[in-house]
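The following exercises are to be worked through with the sequence and the structure in view. Each task is followed by a solution in steps.

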Amino acid sequence: MKCSRRDLLKTALTATAAAALPIAAFRFLSPAEVRAAVADPALRWGFLVDTEKCVGCGFCVKACKLENEVPYDVPVSRTWVERYSVTRDGQTHIDSPMAGRDGFTDPKVRDEAIDPAEITKAFFVPKLCNQCDNPACVQVCPVGATYQTKDGVVLVDRDWCIGCGYCIMACPYGVRFFHPVYKVAEKCNFCYHRISKGLKSACVEACPFGARQIGNLKNPEDPVTRIIMTQRVAVLKDEYGTKPQVFYIGLDRNVR
Amino acid sequence: MEPMIVHGLEWTSKELFVYPNEFIYWSIQIVMYPYMTGLVAGAFVLSSLYHVFDQKDLKELARFSLVFSLALLPTALMPLLFHLQQPLRGPNVMLTPHFTSAIAAFGIVFSTYAAIVLSEIWFVYREYFVAQALALRGQQGLGIAVKRLLYQALTLGAYDTSAPALAKDKKAIRILAGAGIPVACFLHGYAGFIFGSVKANALWMSPLMPVIFIMSAVVSGIALCMLTYIVIMKWQKFRAVPAKGTETAQVLGGVALEDVIGKASRYLLGFLVAAISLELLDLVFRGYTAMKSWDILRSVLYHKDFVSIFILQYGVGNLLPFALLILPRLTIRRTVLALIFILYGVFMMRWNVVIGGQAFSLSFAGFMQYHLPILPHNLDTFKEGLLGALTVAATPFVLFWLINKIVPSLKFEGGR
Amino acid sequence: MRNHVWRPLYLVLGAIALLLVIRYFLVPKDFGVHGINFTYGFHRAGNIPEWQAVPVKYQGRESCTECHPENVAANASSKHAPIQCENCHGPALNHPESPAKLAIDTNRELCLRCHAALSTPGSQRSRIKGIDPASHNPGIPCRDCHNPHKPDLEDMQ
């Protein structure tokens, strides 16, 4: 019947018109633009954490908060240090008081006293954003407020973020949080303002023991790259396929 | 000076080792959001059962649930606006949608669905709009003039109410109702995808999540429409008690209320069984495969959230109404009880998924507990607290009452 | 007589057109795919220079040497040499323009970060000389006896 065919066409047109909206968005994917985008392949930031050297002083966390204006007296931080105390019974006691901002001065783990004689090994693990190669947090941002730069750092556009928190839920490492003042997503960005000027990240500079290093993974002469290529290193939670670019020396099996 | 609030800190208590930046960020409003979109989807499917599948007994209920679906639509936006840390930037999702994100689909799917519902309502009520516009012609008064202009605008200039024209309307309704079913499913399916695709969350990550959400959404939508319909019909009957004082059976277009509700209950049961089967399947699979996260998940599912999941959701929210509906000699009263339990059960399902997924730390070595803010003392605890949730819950009824003034969806007898 | 069933569609198309117009005005012109692909590189290009322009707070040891050579020299030959000046004195920012003076933190907590003795077998920390803060001169600032710039025990006051 003529009538039903028209109505069918009408529905088809409605659907096409509705689809026109996403197709309009895809104009951003012009091939020329994409080709031009892959401009500087010679720089890819990578990080090295040596847990054998970390003593849990927390100067890195303090420096990070002050350098990046993350409010000092709140428990959230762009970077943090975890303490692991493994006891003879096989239990692992983990804590990170105020993200390790004041270091670790109390032998009690979260108000639980542990007999020092029972501790078989204890160590400190600094953590920060892994600036993943396949960042799940970027994939789930609904508005394009968080993104990966050409040199591998994942940034957040504070003026465009709507504060939905999807990126925070999507990060397997728990590095993201809501900035208490700006009310948008926040996370470590390797001190992008410093490394772009040839300085080192604040935490790298502050660490007295050289437990944190930053380098260019694309430069084979870079000391960080050299270690990653020649020594045994590990990454956190690689089962998620995010391809983290923070490498760990001495990563224990108990590390979460 | 803006108050410095660590979002989530106030209503989260941590146990054992939880990463410093972890709090319960997706709280009550993120429970409300899939609940409201689920009601939207379910209401529309119920309406389509009449328009597409010619379930003649459901005619009046169908018209009502279509309009109620429209009232639910803007309500579904509210939890999101309450939750966003930057609600004024909410439109960014429409301006620069990043389509690799399930949330970005929101703008498109929501708009498409709104277009379909509005169009379908237009076709259903066009004859009524024309009649109103013509009837108000020539009458005096500012209020009348406004009303007339409104109905004239609503006709979109299509005044032809001859039989062939109305037949075209009917055809259009059928097509829209048919096209709307997959869109309504998509609207809620993507909400399930939002959770199911988060690989970082051991409880949410599952390909079954979108399907589970759709099934329980349809359950809740049908249940809400049935419940609201019964309440309204009983209220109207109460107001129009015949002078003789005898209780007459509620008759609508020749069909008794009991029959309509009984028919709808059968569909409800079908979707209910599907929903709970999928959830149990998910649970069994997790326990059997026992992945790295299973230890902490088991603590949450079988210990910390045991009452919330097995007693409240599965027991009170599923088994109990199932039994109530399946027992013979179903009465309206028993149906109402079952419907309330079902609506509660679907809500608990959303709660157990959203809050339950944040009950354990990403470290798999600690727990978080959610303390719903009851009495707000700042904007945050209002928006993401009990009062915010109640505001959202009340809105569809307010909107429905308003919409009903223009598009009457309840007829006591006779009518189209 | 044109078929009236198309009318809602015209409305929808009009709404879409309106949205596209609004988008043209509200979306920053430099918003697009600037990285490797749409998944990871969809953003406002102007945001990158914004992040690069954030002021640097920690200036580093070299900027201290010019005016405070004795302290830097004393520190350099001591066990505290690896510790950056700003770790204890806070970020230099625009010192000496602003702030005119950097804090001298005499709180015991500062020293306890490394020197609170903890049971950490297998960790580098156990090789740092530590004390029990509850029994080792409680309440007295560490620097009353130990020179923070040259804390070697031979040089104790």
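**Exercise 1.** How many residues does the contact take from chain C and how many from chain A? Determine also which elements supply the side of chain C that touches chain A.

*Solution.* The model is a predicted one.
Step 1. Chain C gives 51 residues to the contact, and chain A gives 59 residues.
Step 2. On the side of chain C that touches chain A, at least two residues each come from helix 1 (7-26), strand 1 (31-33), helix 2 (38-41), strand 2 (42-44), helix 3 (47-52) and helix 7 (108-115) of chain C.
Step 3. Helix 1 of chain C makes the largest share of this side, with five residues.
Step 4. Sorted by class, this side of chain C holds 28 nonpolar, 18 polar and five charged residues.

**Exercise 2.** Describe the side of chain A that touches chain B.

*Solution.*
Step 1. In this contact, 50 residues of chain A meet 44 residues of chain B.
Step 2. The elements of chain A that each supply at least two residues to this side include helix 1 (2-25), strand 3 (92-95) and helix 5 (166-170).
Step 3. Ten residues, the largest share of this side, belong to helix 1 of chain A.
Step 4. The residues on this side of chain A comprise 35 nonpolar, ten polar and five charged ones.

**Exercise 3.** In what order do the three strands of the open sheet in chain A lie? Establish also how a helix is placed against them.

*Solution.*
Step 1. The order is 9-1-10, and the pairing is mixed.
Step 2. Strand 9 (212-216) and strand 10 (246-249) of chain A are the edge strands, each paired on one side only.
Step 3. On average, neighbouring strands of the sheet are turned by 25° against each other, direction ignored.
Step 4. Strand 1 (residues 45-50) and strand 9 of chain A run antiparallel and are joined by five bridges. In one of the pairs between strand 1 and strand 9, A:Val49 has A:Arg212 as its bridge partner.
Step 5. Helix 8 (residues 223-230) of chain A lies across strand 1, strand 9 and strand 10 of chain A, and its direction makes about 100° with strand 9.

**Exercise 4.** Check the span of helix 2 (residues 59-83) of chain B against the expected value, and state how far the helix is covered.

*Solution.*
Step 1. Helix 2 of chain B has 25 residues, so at 1.5 Å a residue it should span 36 Å.
Step 2. The end C-alpha atoms of this helix are 37 Å apart, which agrees with the expected span.
Step 3. Helix 2 of chain B is mostly covered, since 22 of its 25 residues are buried.

Technical notes. Residues are numbered from 1 along each chain as its sequence is written. Chains are lettered from A and ligands numbered from 1 in the order in which they are written. This is a predicted model: local features need pLDDT of at least 70, side-chain atom pairs count only at pLDDT 80 or more; totals for chains, interfaces and linings use all residues. Two strands pair if DSSP finds at least two bridges between them. Helices (H or I, at least four residues) and strands (E, at least two) are DSSP runs, numbered from the N terminus. Axes are lines fitted to C-alpha atoms, for helices over the stretch in contact, and angles run from 0 to 180 degrees between N-to-C directions. Two residues are in contact if their C-beta atoms, placed from the backbone, lie within 7 Å. Ala, Val, Leu, Ile, Met, Phe, Trp, Tyr, Cys and Pro count as nonpolar, Asp, Glu, Lys and Arg as charged, and the others, Gly among them, as polar. The expected span of a helix is 1.5 Å times one less than its number of residues. A residue is buried if 20 or more other C-beta atoms lie within 10 Å of its own, exposed if 12 or fewer, and partly exposed in between; C-beta atoms are placed from the backbone.
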